[in-house]
Amino acid sequence: MEAKRWLHAVLFTFVMVGLFASLVINVSNEEHTHMREEKNKLVSISTTFLWLKKIVSSLAFGDWQFNKVPVSEHPEKPHRVGLSPNTSSCHKSFAKPGFQVYCCPPKPESEEPVIDFEFPDPSVPLRIRKRVHLRDSDYIAKYTRALKIMKSLPYDDPRSFGRQADMHCIYCTGAYNQKYTNDILSIHRSWLFFPWHRMLIYFHERILASLIEDDTFSLSFWNWDAPEGMVTPDMYFKEPFIDTERSETHVRRPKVADINYNFVESNLKPEEQISKNLAFMYHQMVSGAKKVELFMGCTYKPGTNNSCDGPGTVELAPHNALHSWVGKESNRYLENMGVFYAAARDPIFYAHHSNIDRLWGVWKELRNNEPEIVDPDWLESYFYFHNEKSQLVRIKIRDVLNITKLGYDYEKIDHPWLNARPKPSMDPTIARHALNMRHNGYLTTQSSDFTPKGRTLDSTITVKVHRPKNQRKTENEEEILVVYGIDIKEDVYVKFDVYVNAIDATTIGPESTEFAGTYVSLPKGITLVLNEGEVKRKSKSTLKLGISELLDGLQANEEESLWVTLVPRGGTGVHTSVDGIRIEYMA
Ligand code: C2O
């Protein structure tokens, strides 16, 4: 340690002298291509200072990396493809404002040797993940044994249940910075959502299997998208699958889960809740998910922290909604499941995410297994996980796109929601006429752009939104309803629904064609950047909803404008404002 500090000091002096010399040389060097004008001298000088700043900060951070320090006169940015964590940057983070958590490993991952991911032996039979509510007692006995061992491992064992849960905490609260910047890395609300969680449960499953030396052991999925699977599976009411931090009103039998939970009790009869759930699934998987970005989430690139905040349909709900539905209401932040830093402490998390993971595959199958994203910034993004031998593995998104190669599969089951296409709540022509009568005089003159002030969703709002062209150009083009500039003032749960051409949007739901989609946000906490203590301002987010199928269903393809209604849910709108609503087209 001492020696390292000396080395830094010597290097520092050396570099300072070198820099000073280069500054002088730069200014007087006539061959320098950028030196023709006085202005360019300034550029050159400031570049030199930029180096200086970088080197000083690099020394201060103690992470001397040569690829971070320019070594030529024309410093080039390191080749940055994809996102990855800086494993020496693990720092305290905020699960909630004012609520600091620390989920870093006891020994920094940067001090461990790393191996690159290798596919499992293809001759080993596939592990088949099945519906948890149909698992037999043999299976439950095995899983019980494996989980008990996992829970008994000491925290410094990366295979322990505590560490598994904290991996999720690290990546969801932004405890790691991105590799080449001080921007934090976060795996929710973007295209990282599906692949990162696939990796987490992949290693989790293999660790469980190895603890009981059973190559066939597989996780199970909570089949909340099918009627028989919508109640909390029995297994989770027995040790070691119990988590005391669950909602007592929701997580009890025979309560049917509200997979589009609005923070208010739906109080529906089981059959009603089931058909609402199925229609909602249809929306999130089919009509609302016709384009990759709509399902996978927005494009998150290196160094652009917070500029992408657009979760895909299924991530928003059922994913987020069920997290909050399971978490305990009397806990301040709905721990465990209702808040990301604690969510993976509940064993049901892994069954929830197995279903999410399965649905990614189902969605892909519905589009003939076409590759979802070919952008290298996605494919080459990589993360680190410990495998069943406690080795630290570097794994890329491109490694996890084929689950057969990963050695597992899901049992093939029907998708009952495929036949649950919503219907218009009333005759669309009559509705349109009534809407025009009711709103025209007053709303037509109002703009659907509320900038600069934004509009608070303290009550339901309806606006007329102009369609830039009343015919979609090509068959494949998707019409997108964009709610932009969503600003959540306090870090609290927020949910609002969006309806098109609805007479009374407060009385209908996803079972009606008028339902265009939902926005759900779990509190995220603020993020702390390594060594700077600087609080990142969260940027506003955007909700994009695919509405082509909705427009067909409402016979609204010829209309020049649409009536769009935003319905805040569970009283959460007072914390939310939006800058406006517009229509775009997605190729
Ligand atoms: Cu990373 Cu279900 O959350």
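This section describes the overall make-up, one annotated segment, the aromatic contacts and one sheet of a predicted model.

The protein has 587 residues, and 57% of them are buried. Its secondary structure comprises 13 helices and 19 strands. Among contacts with a sequence separation of 6 or more, 77% join residues that are 24 or more positions apart.

A good place to begin a closer look is the segment that carries an annotation. According to the unreviewed UniProt entry, residues 346-357 are covered by the feature "domain: Tyrosinase copper-binding". In the model this span is 83% helix and 0% strand, and the C-alpha atoms at its two ends lie 17 Å apart.

Aromatic side chains offer plenty to explore, with 31 aromatic pairs found in a search of the whole structure. One of these pairs is formed by F193 and F194, whose ring centres are 5.1 Å apart; the angle between their planes is 70 degrees, so the arrangement counts as edge-to-face. F193 and F194 are both buried. Another pair brings together F349 and Y350, with 5.0 Å between the ring centres and 70 degrees between the planes, and is therefore edge-to-face. F349 is buried, as is Y350. Beyond such pairs, an aromatic cluster gathers F117, F119, Y171, Y176, W196, Y202, F203, F383 and F385.

Charged side chains also meet aromatic rings. The charged end of R129 is placed over the ring of Y408, at 3.7 Å from the ring centre. For Y484, the residue lying over the ring face is R582, at a distance of 4.4 Å from the centre of the ring.

Turning to the strands, an open sheet is built from four of them in the order β12-β17-β14-β15, with antiparallel pairing. The edge positions belong to β12 (461-466) and β15 (515-521); each has a single partner strand, so one side of each has no neighbour in the sheet. From one strand to the next, the twist averages 20 degrees. Within this sheet, β14 (residues 494-500) and β17 (residues 561-568) are joined by five bridges in the antiparallel sense. Y499 provides a handy point of reference here, as its bridge partner in β17 is T565.

Conventions:
Residues are numbered from 1 along each chain as its sequence is written. This is a predicted model: local features need pLDDT of at least 70, side-chain atom pairs count only at pLDDT 80 or more; totals for chains, interfaces and linings use all residues. Side-chain values use heavy atoms; hydrogens and water are left out. UniProt positions are given in the numbering used here, feature names are shortened, and annotations may be inferred rather than shown by experiment. Helices (H or I, at least four residues) and strands (E, at least two) are DSSP runs, numbered from the N terminus. Rings of Phe, Tyr and Trp (its six-membered ring) pair if their centres lie within 6.5 Å; planes under 30 degrees apart count as stacked, over 60 as edge-to-face and the rest as tilted. Buried means under 20% relative accessible area, exposed over 50%, partly exposed in between (1.4 Å probe, protein chains only). A charge sits over a ring if NZ of Lys or CZ of Arg is within 6 Å of the ring centre and within 35 degrees of the ring normal. Two strands pair if DSSP finds at least two bridges between them. Axes are lines fitted to C-alpha atoms, for helices over the stretch in contact, and angles run from 0 to 180 degrees between N-to-C directions. Contact means heavy atoms within 4.5 Å.
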